[in-house]
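The exercises below are meant to be worked with the sequence and the coordinates side by side. Try each task before reading its solution.

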Amino acid sequence: MIADGGRFTESAMRETLDRIAERLHVDATGAHLLRLTNNAVFALPYADLVVRITRTHRLHARVHKVAKLGAWFPTVDAPTIRLAEDIEQPVADGHLLATIWQYVRPSPPAIDATDLGNVLRTFHRLDPPPFDLPRWDPIGDARARIWDAEALDDADREYLLAWCDRLAPSLDAFAVSTKTGLLHGDAHEGNLLRDGSGKVLLCDFDATCIGPFQVDLVPPPTNEARFGPTGGHAKLADAYGYDITTDPAWPLLREARELKMIAAGAPLLASAPGVAAEFQLRLNSIRHNDAAVRWTAFGDLY
């Protein structure tokens with residue numbers, strides 16, 4: 001089953017999960033959905049696994065990259081979740097691809113932006129892996145998502161692509177003038193887990209690339225500006241030792257992040273009425289330069 005706009009429904013994703021579990025001889029009893037956005041992420045607690053299935057026939061290169069990163073992380077003791085052992089990755093089900101990870105049972109205390117700052121300092125000190133990673137390319141990523149959005153209105157598509165064209169030269173100039181290294185690419189508290197030993201681990205490596213460290217510090221203050229204040233930005237700046245909002249590139253990087261936050265919803269427009277309404281709210285707030293409008297996370301609208 002495919003929803004309008006080319007996205008696979010939750011029930012279709014569960015059928016894919018069942019086939020993968022059967023082929024791998026793992027116990028899918030009690031499997032429950034953790035996230036349904038550009039990927040369907042299921043926890044299989046009895047098997048101590050998490051299955052992450054892409055919801056598009058496209059972007060296969062991204063899944064292969066994530067699998068290679070997952071195999072490399074243990075060799076450098078990266079502060080990340082770990083791929084399941086003894087499974088050749090990624091796993092295919094027809095034209096869909098999945099990666100299988102070790103399940104991390106959430107443990108107290110709750111994650112906050114201090115944890116994010118600490119784990120990013122460790123992650124950013126790692127040397128890049130011994131294989132090619134894509135360069136940070138927020139405009140290329142946004143354009144790919146816009147063109148992947150079959151349910152996107154033509155006028156909205158035109159507006160978003162024009163926004164990409166306007167931002168691209170400034171972002172290119174910033175990227176070539178700045179030192180680069182290993183970048184998570186989507187660093188926020190929602191992409192952290194705390195294991196039973198208290199160690200904080202990064203997850204979700206779809207956007208991991210080589211780029212300027214500043215990019216990983218942008219999500220918390222941007223989230224506060226758009227979702228409402230939480231105090232997270234101050235905690236992040238203190239823990240990491242750098243306040244991104246004092247960087248000359250901050251306005252540019254915030255705008256690039258906002259473009260990503262809107263473009264990420266474009267392929268999901270047919271997946272839930274609330275997602276389509278939120279997408280329009282976000283886009284209209286940019287069109288009208290209305291910073292007072294509060295956004296809602298797409299993942300909360302299913």
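**Exercise 1.** In this predicted model, examine the hairpin of strand 2 and strand 3 and find which residue takes a positive phi.

*Solution.* Begin with the connection, where 4 residues lie between the two strands, and Asp-48 is the residue with a positive phi, near 55°. Next, follow the pairing itself, in which strand 2 and strand 3 (residues 49-54) run antiparallel over 6 bridges, with Phe-42 standing opposite Val-51 in strand 3.

**Exercise 2.** Turn to the other partner of strand 2, and determine in which sense strand 1 and strand 2 pair and over how many bridges.

*Solution.* Strand 1 (residues 32-36) pairs with strand 2 in the antiparallel sense over 4 bridges, and the two form a hairpin with 2 residues between them. As a point of register, Arg-35 stands opposite Val-41 in strand 2.

**Exercise 3.** Decide how many residues of strand 2 are buried, and which of them point one way and which the other.

*Solution.* Strand 2 (residues 39-44) is mostly covered, since 6 of its 6 residues are buried. Sorting them by direction, Asn-39, Val-41 and Ala-43 point one way, whereas Ala-40, Phe-42 and Leu-44 point the other way, and all are buried.

**Exercise 4.** Place these strands in their sheet: what is the strand order, and which strands are at the edge?

*Solution.* The sheet is open and has 5 strands in the order 1-2-3-5-4, with antiparallel pairing. Strand 1 and strand 4 (91-93) are the edge strands, each pairing on one side only, and the twist averages 25° from one strand to the next. Helix 1 (residues 10-24) packs on this sheet, touching strand 1, strand 2, strand 3, strand 4 and strand 5 (96-102), and its direction makes about 125° with that of strand 4. Helix 2 (residues 60-72), in turn, lies across strand 3 and strand 5 and runs at about 20° to strand 5.

**Exercise 5.** Identify the residues with the most contacts inside the largest nonpolar core.

*Solution.* The largest core has 71 residues, and those with the most contacts inside it are Leu-160, Leu-253 and Phe-279. A second, separate core has 19 residues, including Ala-12, Leu-36, Ile-53 and Ala-98. To see the surroundings of one residue of the largest core, leave aside neighbours within four places in sequence: Leu-253 is then in contact with Trp-136, Leu-171, Phe-174, Gln-214, Val-215, Val-218 and Ile-244.

**Exercise 6.** Of the aromatic pairs, classify Trp-72 with Phe-131 and Trp-101 with Phe-205 by geometry, and say why the second pair ties together distant parts of the chain.

*Solution.* The structure holds 9 aromatic pairs. Trp-72 and Phe-131 are edge-to-face, at 6.5 Å centre to centre and 85° between the planes; Trp-72 belongs to helix 2 and Phe-131 to the loop between helix 3 (113-124) and helix 4 (138-147), 59 residues apart. Trp-72 is buried, with a relative accessible area of 9%, and Phe-131 also counts as buried, at 18%. Trp-101 and Phe-205 form a tilted pair, at 6.0 Å centre to centre and 45° between the planes. Trp-101 lies in strand 5 and Phe-205 in the loop between strand 8 (200-202) and strand 9 (209-212), so this pair joins parts that are 104 residues apart in sequence. Both Trp-101 and Phe-205 are buried. As a last step, trace the ring pairs, which link Trp-72, Phe-73, Trp-101, Phe-123, Phe-131 and Phe-205 into a cluster.

Technical notes. Residues are numbered from 1 along each chain as its sequence is written. This is a predicted model: local features need pLDDT of at least 70, side-chain atom pairs count only at pLDDT 80 or more; totals for chains, interfaces and linings use all residues. Side-chain values use heavy atoms; hydrogens and water are left out. Buried means under 20% relative accessible area, exposed over 50%, partly exposed in between (1.4 Å probe, protein chains only). Two strands pair if DSSP finds at least two bridges between them. Axes are lines fitted to C-alpha atoms, for helices over the stretch in contact, and angles run from 0 to 180 degrees between N-to-C directions. Contact means heavy atoms within 4.5 Å. A nonpolar core is a set of buried Ala, Val, Leu, Ile, Met, Phe, Trp, Tyr and Cys residues joined through side-chain atoms within 4.5 Å. Rings of Phe, Tyr and Trp (its six-membered ring) pair if their centres lie within 6.5 Å; planes under 30 degrees apart count as stacked, over 60 as edge-to-face and the rest as tilted.
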